[in-house]
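Work through the following exercises with the sequence and the structure at hand. Each task is followed by a solution in steps.

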Amino acid sequence: MIEARGVATVVIGLVRPHMESSKPPRGLWVPFPLGRPLGEPEDKTFQHRVLGAALALLARDAGPVVLEDFPEDAPSMRDQPGWQPQMVVPEFVTPAATDVKAWMSGLETELASVLPHWSAATHRFGRTTVGISRVAPSDWAAFAVRFLDGSVPESPIGGLSSAVVMRYIADDMKALYMEAVQAIGPQPSSGQINRWFWNHTLAAELLCALRAAALASTHTGFNTAGSRFLAPAPFVTKA
Amino acid sequence: MARIEDIPLGTREAVVGLDCPPPTTFPWVRTRPLAQSRIAILTSAALHRRSEMPFPVGTTEHRELPATFPASDMLMSHISINFDRAGFQRDINVAYPIDRLKELAAEGVIGSVAETHYSVMGSTDPATMVQTADALAGSLHQDKVDVVLLCPV
C-alpha cells in the first residue's frame, strides 16, 4: 500500500507463506520467533546483520517482487541448556475456581516474591512494558478474581470496558512475571520463559481459571476477551 | 520459531491459515542510494506512548512515534497473545530497530532517520486500511522519507 503511494518499502517478515502470497516489493524472510523480526535482543551486531540484509534489497533492480531468506538462526531461538529461573515462587495449591479468598491470598504471596525481581529487571533493562491496564499491580488480583464466578464488575478505568481491563491486567501480569524472570542470568529462550510462567505460577493458573469462567459466561465482552486473549493456544489445555 | 515447524501447534494453524490475498498491482519505486536515503519505520506491533490509551481491537488508526521518543515510555498493546514479548521486554530494537537505524545514520550507511515513525495494530484487516495508507503516505512525503522499513511482529 505504501509503495503504491510513491515511497519505497522493505519488509522484514516472519511468516514466509504470508510473504509468498502477499508479495511485498522487497521482503527479507527471517526464521525467528514471532514477535522478534530483528531476531536477537541486546545483540547489536546480529540486529545489524538482519537490518543490513533487508536494506541491501533496496539496491536490487529485479522487481517487482524480491523475496530473500536470512540465512542465520538467532542464538536465543533455542533453549538455553540448563537454564533455571533464578527467581523462586512459593509452592501453591491451585484453589477451587470460586474460592476468592484462597486466590487472593496465594496471588498476594506470589506477587510479593516476584516484585523484587521485577524491580531488578526494570533496572537492568532501563524500562518496563507493564502499564497498559492502568491498574496498579497491588490491585490486579482483587479485580480479576471477581470474574471467577462469572460476574462482570464495573470497570475501574474510564473509556475501557471491565472485560478489556481484565484482559489488559492479564497482559500486564504476564509482562511483569516474564520481565522478572529475566532479571538475572543468561537469556532464556522464549519457550523456556513461557513454559516457566504457564507451568509454575499461580498467576498463570488464575488466567486459565478466568478463561474457563469466560467460556461459561453469557456476557459477550467477557466471553470474547477471556476465552481468546488470556492464555495462548499452546497452553489453553490447562483451562 | 517462525519456521512453520517451530510455531507451537496451537498457534500454527491460525498463523498459516491467515488469509493473505495476492496483490492486484505490483508497484516498484526506484529509490536513491542507501547513503542518501531517509528511512522511517512502520511497525504493526501496536506501539504507543504510555500516556495514550491502548490500540482498540480492529482499529485502522495509526500512531506517531517520534524518533526521540524514549523506550521507557513505550508500551505494546497488540491484541494477539500468540507472539513473543520477552524479546521486546529486553530490547525494543528486536521489534522496532530505531537505535540500529540511528547508528547506521551516524556511520553514513543511510542518509538519515525520519523524524517520525509509525505504529498500527497488526491484526486489523489491511483491506480496511486504505485511508490509513493515504494518511501515512502524506506524512512520509512531508518528512521527505525515501524508504519505509516494515517490521511486522
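**Exercise 1.** How many bridges join β1(A) to strand β7 of chain B, and do the two strands run parallel or antiparallel?

*Solution.* The model is a predicted one.
- Step 1: Locate β7, which covers residues 147–151 of chain B.
- Step 2: Count the bridges to β1(A); there are four, and the strands run parallel.
- Step 3: Check one pair: A:Thr9 has B:Val148 in β7(B) as its bridge partner.

**Exercise 2.** Describe the contact between chain A and chain B, and the side of chain A that takes part in it.

*Solution.*
- Step 1: Count residues on each side. Chain A contributes 65 residues, in contact with 61 residues of chain B.
- Step 2: Assign the chain A side to elements. Two or more residues each come from β1, α1, α2, α5 (162–181) and α6 (190–200) of chain A.
- Step 3: Sort the residues of that side by type: 39 are nonpolar, 17 polar and nine charged.

**Exercise 3.** Follow chain A from β1 to β3 and give the handedness of each crossover.

*Solution.*
- Step 1: Start at β1(A), residues 8–13, which pairs with β2(A), residues 26–29, in the parallel sense over three bridges. A:Ile12 has A:Leu28 in β2(A) as its bridge partner.
- Step 2: Add helix α1 of chain A, residues 16–22; with β1(A) and β2(A) it makes a right-handed β-α-β unit.
- Step 3: Continue from β2(A) through helix α2 of chain A, residues 44–56, to β3(A); this β-α-β crossover is left-handed.
- Step 4: Examine the strands at the ends of that second crossover. β2(A) and β3(A), residues 66–69, run parallel and are joined by four bridges. The bridge partner of A:Gly27 in β3(A) is A:Leu67.

**Exercise 4.** Which way do the residues of strand β2 of chain A point, and are they buried or exposed?

*Solution.*
- Step 1: Take A:Arg26 and A:Leu28, which point one way from the strand.
- Step 2: Take A:Gly27 and A:Trp29, which point the other way.
- Step 3: Assess burial: all of these residues are buried.

**Exercise 5.** Summarise the fold of chain B and judge how compact chain B is.

*Solution.*
- Step 1: List the elements: four helices and seven strands, in the order α-β-β-β-β-α-α-β-β-α-β along the sequence.
- Step 2: Compare radii. The radius of gyration of chain B is 16 Å, close to the 15 Å from the globule rule for 153 residues, so chain B is as compact as a globular protein of that length.
- Step 3: Add the box filled by the C-alpha atoms of chain B, roughly 45 × 40 × 30 Å along the principal axes.
- Step 4: Note burial: 40% of the 153 residues in chain B are buried.
- Step 5: Consider contacts in chain B between residues at least 6 apart in sequence; 78% of them join residues at least 24 apart.

Conventions
Residues are numbered from 1 along each chain as its sequence is written. Chains are lettered from A and ligands numbered from 1 in the order in which they are written. This is a predicted model: local features need pLDDT of at least 70, side-chain atom pairs count only at pLDDT 80 or more; totals for chains, interfaces and linings use all residues. The radius of gyration is taken over C-alpha atoms; the globule rule is 2.2 Å times the number of residues to the power 0.38. A residue is buried if 20 or more other C-beta atoms lie within 10 Å of its own, exposed if 12 or fewer, and partly exposed in between; C-beta atoms are placed from the backbone. Two residues are in contact if their C-beta atoms, placed from the backbone, lie within 7 Å. Two strands pair if DSSP finds at least two bridges between them. A crossover is right-handed if, with the strands pointing away from the viewer, the path from the first strand over the helix to the second runs clockwise. Ala, Val, Leu, Ile, Met, Phe, Trp, Tyr, Cys and Pro count as nonpolar, Asp, Glu, Lys and Arg as charged, and the others, Gly among them, as polar.
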